[in-house]
Amino acid sequence: MRRREFIGLLSGATAAWPLGALAQQRDRPRRIGVLMGFAETDEVWQTYLRVFRERLRDFGWTDGQNVKFEYRFAGESAERTQLAAAELASGRPDVLFVSTNPAVSALLRETHTIPIVFTWVSDSVGSGYVSSLAHPGSNVTGFHNFEPAVGGKWLGVLKQVAPQVRRVGVVHVPEIAANVAFIRVADATSKSLGMTVSALGVRDAADIDRVLTDFAREPNGGLIVTPSPLTATKRDVIIAAAAKLKLPAVYSFRFYVASGGLVSYGIDQLETVREAASYVDRILRGANPADLPVQLPTKFSLVVNLKTAKELGLTIPESLLLFADEVIE
């Protein structure tokens, strides 16, 4: 279901949690557990959380007054993510706000009753988090980054910015089902573009340089870097390796390009987190997450880094620059 389609549904379609339990909770500050699959020191995610808190304040929830936050930053470590999920779930917060597929998976191993609102997640049905987008049917709902079809879009963008690329390596974490779905779509699209697709699985920072170096041994290569805690947290490592190996790369979010990546095609994640705050507000007021439809993105932005293009010896077509939402020079 598209985000703009659900506004009319919310006024009457969501079922409330038991009224007695809700009444008992009104006299105490509500508690929000936050699980982020990123580093606490990363400015991108501090901004993300600041916008989340500001939007909740617009709804009347003020930190330290009628709401309290408990944060966990797990980075790319699966072990830390599971430990953080267990700690947050054991505290029985009123709602859990979570980012990344691995973080949702970890929380669902700990609880099927505490409401969970996600962002920075793709293919929630294919990942087994919800039964359908329109009717999640469980304690989980939220806002998607991408659907699998974007794998073909990323491939098309790479073809436009680097026409010489014939071999495309998709950098991904194999355990993330959504990453694998992106590869399937990219592979299905590749023949029509005169390209071949290879899955470049990475599980830690040590894998990145080795895997990319091996891939770059043959000419005419380029990359698609899929979203994950690892690729976001270690983006500087990936961007540096791509530059050293002269591999044009397409990324999923603007912050990669702001850090020196070539081009990104993706959503405005700050808009998404503002919308997610509205679901957290509704749940704190009694809505049932099983009745709040999962929302798909409706707008995508293209961002190009001209400095990086010049360093790679690429001339970006004028038509693409005119189409771009932002050009970084």
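**Exercise 1. Are Trp45 and Phe255 buried or exposed, and how do their rings meet?**

Step 1. Start with accessibility: both Trp45 and Phe255 are buried, where buried stands for under 20% relative accessible area, exposed for over 50% and partly exposed for the range in between, with a 1.4 Å probe and protein chains only. The model you are looking at is predicted: local features need pLDDT of at least 70, side-chain atom pairs count only at pLDDT 80 or more, and totals for chains, interfaces and linings use all residues. Residues are numbered from 1 along each chain as its sequence is written, and side-chain values use heavy atoms, with hydrogens and water left out.

Step 2. Now apply the ring rule: rings of Phe, Tyr and Trp (its six-membered ring) pair if their centres lie within 6.5 Å, with planes under 30 degrees apart called stacked, over 60 edge-to-face and the rest tilted. The count comes to 21 aromatic pairs. One of them is Trp45 with Phe255, an edge-to-face pair at 5.6 Å centre to centre and 75 degrees between the planes.

Step 3. Place the partners. Trp45 lies in helix H3 (residues 43-58) and Phe255 in helix H11 (residues 254-258), so the pair ties together parts 210 residues apart in sequence. Helices (H or I, at least four residues) and strands (E, at least two) are DSSP runs numbered from the N terminus.

Step 4. Look at Phe253 next: its ring centre is 5.8 Å from that of Phe255 and the planes are at 5 degrees, so this pair is stacked. Phe253 is buried, with a relative accessible area of 1%, and for Phe255 the value is 8%.

**Exercise 2. Which strands pair with E10, and in what sense?**

Step 1. Strands pair if DSSP finds at least two bridges between them. Strand E9 (residues 249-251) pairs with E10 in the parallel sense over two bridges, and here Tyr251 stands opposite Ser264.

Step 2. On to strand E11 (residues 301-305): four bridges join E11 to E10, and the two run antiparallel. Val304 is the bridge partner of Val263.

Step 3. Check the side chains of E10 (residues 263-266). Val263 and Tyr265 point one way, Ser264 and Gly266 the other, and all are buried.

**Exercise 3. What is the phi of Trp120, and where does Trp120 lie?**

Step 1. Trp120 has a positive phi of about 55 degrees, although it is not a glycine.

Step 2. Trp120 is found in strand E4 (residues 116-121) and is buried, with a relative accessible area of 3%.
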